Amino acid sequence: MIKDDDFFRIDGVPITKEEIRAVSIGKLQLNHNDVVVDIGCGSGGMTVEMARRCKFVYAVDNSEDAITTTKKNLDKFNIKNCELIKGNAEDVIYNLEFNKAFIGGTKNIDIILNILKEKNIKHIVVNTIVLENAVKIIKIMNNFKNDNEIYDIDIVNISVSYGKKINTGHMMMARNPITIITYRKK
Ligand SMILES: C[S@@+](CC[C@H](N)C(=O)[O-])C[C@H]1O[C@@H](n2cnc3c(N)ncnc32)[C@H](O)[C@@H]1O
């Protein structure tokens, strides 16, 4: 994983932190034939990590600052197998061809998940910090199960703490827990 400090950053544009990226990448089980859509690419943290491990990434964000930041990081890490798309994911992903989805931006998540269902995307990983979103996402994914499809949803909640040096040793500084929800259809 690339260290958080090595990414180009601008104020107000979030990044998925290194440890959360590591688990999310693991859950995506990427291979060199995968084409992934990154919904809400933010600073491009996940975009860069995914592009290094798969065939192609479509990186979508509705924020101009996020697109600018991701572009800088694509250049910084010499990533060529990626197209940046500015817009609301729910408006733009329908016409893209991909086989896996990573979702880091959850505005209109219900519409987005329904588009992914319609497109028969079999592998979806979502990160969310908002409890209500986690419940909503799990409910929607459970309703994907038409036609007796066999699917699996795994849910992990990750709390990362970082060691900080103090006079007497080190203390652990906690970050907000993130829920990672993975949907896989057989
Ligand atoms: C937590 S950040 C993602 C961080 C990113 N994964 C990274 O590693 O840098 C969420 C981003 O999702 C974007 N976003 C949220 N909902 C969206 C939507 N429906 N369509 C497009 N972008 C969206 C926000 O603008 C924000 O930049």
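This note goes through the cores, salt bridges, largest pocket and a few single residues of a predicted model.

1. The largest nonpolar core. This core holds 28 residues, and Ile93, Leu113, Leu116 and Ile124 have the most contacts inside it. Seven elements each supply at least two of its residues: the strands E1 (35-39), E2 (56-61), E4 (100-103), E5 (123-128) and E9 (178-185), together with the helices H5 (109-118) and H6 (131-142). H5 gives the largest share, five residues. As background, nonpolar side chains in soluble globular proteins tend to be buried together.

2. Ile124 and its neighbours. Leaving aside residues up to four places away in sequence, Ile124 touches Ala101, Ile103, Leu113, Leu116, Met141, Phe144, Ile181, Thr182 and Tyr183. Two of these names, Leu113 and Leu116, also appear among the residues with the most contacts inside the largest core.

3. A second core. Apart from the largest core lies another, made up of 27 residues. Its members include Leu28, Cys41, Ile79 and Ile158.

4. Salt bridges in general. How many salt bridges does the model contain? The count comes to nine. Side chains of opposite charge can pair when their charged atoms come close. The next points take up three single pairs and one network.

5. Lys27 and Asp154. These side chains meet in a salt bridge, with 3.2 Å from N to O. Lys27 belongs to helix H1 (residues 18-28) and Asp154 to strand E6 (residues 151-158), so the pair ties together parts that are 127 residues apart in sequence. Are the two partners buried or exposed? Lys27 has 19% relative accessibility and therefore counts as buried, the cut-off being under 20%. Asp154, at 16% relative accessibility, counts as buried too.

6. Lys100 and Asp34. Here the salt bridge has an N to O distance of 2.8 Å. Lys100 sits in strand E4, while Asp34 is in the loop between H1 and E1, so this pair ties together parts that are 66 residues apart in sequence. Both Lys100 and Asp34 are buried.

7. Asp152 and Arg184. The closest N and O atoms of this salt bridge are 3.6 Å apart. Asp152 lies in strand E6 and Arg184 in strand E9, so parts that are 32 residues apart in sequence are tied together. Asp152 counts as partly exposed, at 30% relative accessibility, whereas Arg184 is buried, with a relative accessible area of 18%.

8. A network of charges. Which residues are linked in a network of salt bridges? They are Asp4, Arg21, Glu49 and Arg53.

9. The largest pocket. About 820 Å³ of space lies in this pocket. Its lining has 41 residues, and Pro14, Ile15, Thr16, Gly104 and Gly105 lie nearest the centre. The strands E1, E2 and E5 each supply at least two residues of the lining, as do helix H2 (45-51) and helix H4 (89-92). By class, the lining has 17 nonpolar, 18 polar and six charged residues. E1, E2 and E5 are also among the elements that each supply at least two residues of the largest core.

10. Ala174. This residue lies in strand E8 (residues 169-174). Is Ala174 buried or exposed? Its relative accessible area is 68%, and a residue over 50% is called exposed, so Ala174 is exposed. Not counting residues up to four places away in sequence, Ala174 touches Val160 and Ser161. Its C-alpha atom is separated by 8.9 Å from that of Gly163, which is 11 residues away along the chain.

11. Two residues with positive phi. Most residues other than glycine have a negative phi. Gln29, in the loop between H1 and E1, has a positive phi near 45 degrees. Gln29 is partly exposed, with a relative accessible area of 48%. Asn120 is not a glycine either, and its phi is positive at about 60 degrees. Asn120 is placed in the loop between H5 and E5 and is partly exposed, with a relative accessible area of 38%. The loop that holds Gln29 is also the place of Asp34, the partner of Lys100.

Note on methods:
Residues numbered from 1 in each chain as written. Predicted model: local features only at pLDDT ≥ 70, side-chain atom pairs only at ≥ 80, totals over all residues. Heavy atoms only, no water. Core = buried A, V, L, I, M, F, W, Y, C linked by side-chain atoms within 4.5 Å. Buried < 20%, exposed > 50% of the residue type's maximum accessible area, 1.4 Å probe, protein only. Helix = DSSP H or I, 4+ residues; strand = E, 2+ residues; numbered from the N terminus. Contact = heavy atoms within 4.5 Å. Salt bridge = Lys/Arg side-chain N within 4 Å of Asp/Glu carboxyl O. 1 Å grid on protein atoms, 1.4 Å probe; cavity = no way out; pocket = protein on both sides within 12 Å on 5 of 7 lines; lining within 4 Å. Points joined across faces, edges and corners; volume = space filled by probe spheres on them. Nonpolar A, V, L, I, M, F, W, Y, C, P; charged D, E, K, R; others polar.
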